[in-house]
Amino acid sequence: MRTILFTGQGGTGRTTVAAATALHAAREGTRTLVLTADRTDTLGAVLGVPTGPDPVEAAPGLTAWRPDAAARFREDLTAFQQRATTALDLLGASRLDAEEVTPLPGAEELALLRALRDAALSDAYGLLVVDLPPAPQALALLALPEELRRYLRRLLPPERQAARALRPVLGRLAGLPMPAEWLYETAARWDVELAAAQAVVEDRATTVRLVAEPGPAGADAVRTAATALALRGLPVDTVVANRVLPGATNDTWLAALAAQQRKTLDEWRDTYGLHEVPHAGHDPRGTHDLAALPVPGVNTAPIPVEWPVTDHLADDGVLVWHIPLPGAIRDELDLIRRGDELVVSVGAFRRIVPLPSALRRCTVAGAALREGELRIRFAPDPGLWPSGR
């Protein structure tokens with residue numbers, strides 16, 4: 001199944017472009033699901049069909065779904081209280097009733113990740129269009145599965161489950177209670193769910209489309225988002241310049257604004273795959289308006305992001321790891337080697353990635369940022385590198 005994630009500059013018609021893309025694909029014969037986690041029904045307003053916790057048919061071949069984060073959060077908390085009854089009783093804790101529970105920050109993100117997983121496991125659709133929040137929140141959401149799984153592995157290592165028979169003995173020796181088996185079972189279940197969501201995000205058929213209005217603010221938003229997405233290995237297949245004004249006008253104010261847009265469009269055209277959507281003169285509402293929007297198609301094959309390791313041992317005595325980071329600025333870049341992992345920070349964004357197996361037997365010999373690509377040089381460690389190499 002092909003997945004297209006929509007994010008970008010806030011307040012620039014992202015939901016409208018996502019809905020129009022889904023509608024066009026459905027009219028071309030692709031069974032399509034458009035998904036959002038917005039608390040307000042912006043998607044329903046655009047489609048002209050209310051959306052909610054149950055998928056609804058918005059048009060022939062097009063299904064819309066807005067998962068209910070509050071309901072799922074109540075279910076999860078109720079289940080947790082039931083499993084932790086003994087511990088809560090020891091603490092003298094008072095139970096929370098489902099009616100008094102409101103979702104905490106992050107509940108919408110978890111609900112959307114679960115919906116992503118469920119949609120990917122379904123054979124009902126050929127295309128999944130996801131209306132993500134604006135770029136800063138979307139980037140945090142896309143990073144969530146990988147980061148939470150890493151936390152779970154560090155806090156509750158799966159290999160310790162093998163020693164469950166020894167847990168009472170270890171508890172007596174240490175003088176401390178050992179984690180209950182249900183805790184490991186819960187962690188394992190969460191890991192499976194997060195892995196399924198992560199697989200959708202990292203699938204080679206998943207791409208991102210950035211929606212922004214051309215202009216200085218839009219240019220900054222696109223550059224930052226494109227760099228952060230590259231850090232996560234997510235390809236941007238198109239920048240959708242929305243609400244583009246006509247170039248020829250007798251209005252001096254509109255002419256100046258159109259000229260500013262054209263300057264940004266020229267910059268985007270030289271850097272990204274660009275598609276322009278003209279200003280409709282009004283906020284599109286309903287399938288008739290959406291069908292009139294000239295959004296990009298979905299039939300092009302996505303080009304995955306590659307982080308290759310090249311062998312320069314014969315010439316320079318190093319291996320080079322190439323990490324594409326378009327738009328990255330040298331002063332905002334930071335690298336830290338931690339065992340078999342590399343911590344890469346670009347401005348406000350950070351990712352901890354495992355080193356390829358060959359590089360784990362090397363030491364970092366330097367790094368350089370050239371033409372939007374981070375090139376990290378690794379020199380073989382004589383104590384770890386095969387002597388025949």
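A polar contact is a pair of N or O atoms within 3.5 Å; within protein, one atom must be able to donate a hydrogen and the other to accept it, and residues adjacent in sequence count only if both atoms are side-chain atoms. The structure is a predicted model, in which local features need pLDDT of at least 70 and side-chain atom pairs count only at pLDDT 80 or more, while totals for chains, interfaces and linings use all residues. Residues are numbered from 1 along each chain as its sequence is written, and side-chain values use heavy atoms, with hydrogens and water left out.

The polar contact serves to describe Arg-2, a residue of strand E1 (residues 2-8). A polar atom of the Arg-2 side chain lies 3.5 Å from the backbone oxygen of Ala-205. The Arg-2 side chain also reaches the backbone oxygen of Val-298, at 2.7 Å. Contact in general means heavy atoms within 4.5 Å. Leaving aside residues up to four places away in sequence, Arg-2 touches ten partners by name: Gly-126, Leu-127, Leu-128, Ala-205, Thr-207, Arg-209, Asp-237, Val-298, Thr-300 and Pro-302. Arg-2 counts as buried because its relative accessibility is 11%; buried means under 20% relative accessible area, exposed over 50%, and partly exposed in between (1.4 Å probe, protein chains only).

For the chain as a whole, 42% of the 389 residues count as buried. The secondary structure comes to 12 helices and 15 strands, where helices (H or I, at least four residues) and strands (E, at least two) are DSSP runs numbered from the N terminus. Among contacts between residues at least 6 apart in sequence, 68% join residues at least 24 apart.

Two pairs of helices can be followed next. Helix H9 (residues 216-231) and helix H10 (residues 252-271) pack at an angle of about 20 degrees, with their axes 9 Å apart. Axes are lines fitted to C-alpha atoms, for helices over the stretch in contact, and angles run from 0 to 180 degrees between N-to-C directions. H9 and H10 are therefore roughly parallel; angles under 35 degrees count as roughly parallel, over 145 as roughly antiparallel, 65 to 115 as roughly perpendicular and the rest as oblique. H9 contributes Pro-216, Gly-218, Ala-219 and Val-222 to the contact, and H10 contributes Gln-260, Thr-264 and Trp-268.

Helix H5 (residues 107-121) packs with helix H6 (residues 135-155) at about 80 degrees, their axes 10 Å apart, so H5 and H6 are roughly perpendicular to each other. Glu-109, Leu-110, Leu-112 and Leu-113 of H5 meet Leu-141, Leu-144, Pro-145 and Leu-148 of H6.

After H9, in the loop before strand E7 (236-244), comes Arg-232. Arg-232 is buried, with a relative accessible area of 11%. Beyond residues up to four places away in sequence, Arg-232 touches Leu-142, Ala-143, Glu-146, Glu-147, Arg-350 and Arg-351. Val-346, in strand E12 (residues 341-346), is also buried, at 5% relative accessibility. Outside the same sequence window, Val-346 touches residues including Thr-227 and Leu-231.

Confidence is given by pLDDT, the predictor's confidence in each residue, from 0 to 100. The chain averages 85, and 82% of the residues score at least 70. Mean confidence is highest in helix H1 (residues 14-27), at 97, and lowest in helix H7 (residues 167-174), at 48. Over residues 169-178 the pLDDT is below 50, and this stretch has 4 contacts in the model beyond near neighbours in sequence. Where pLDDT is low, the predicted coordinates should not be read in detail.
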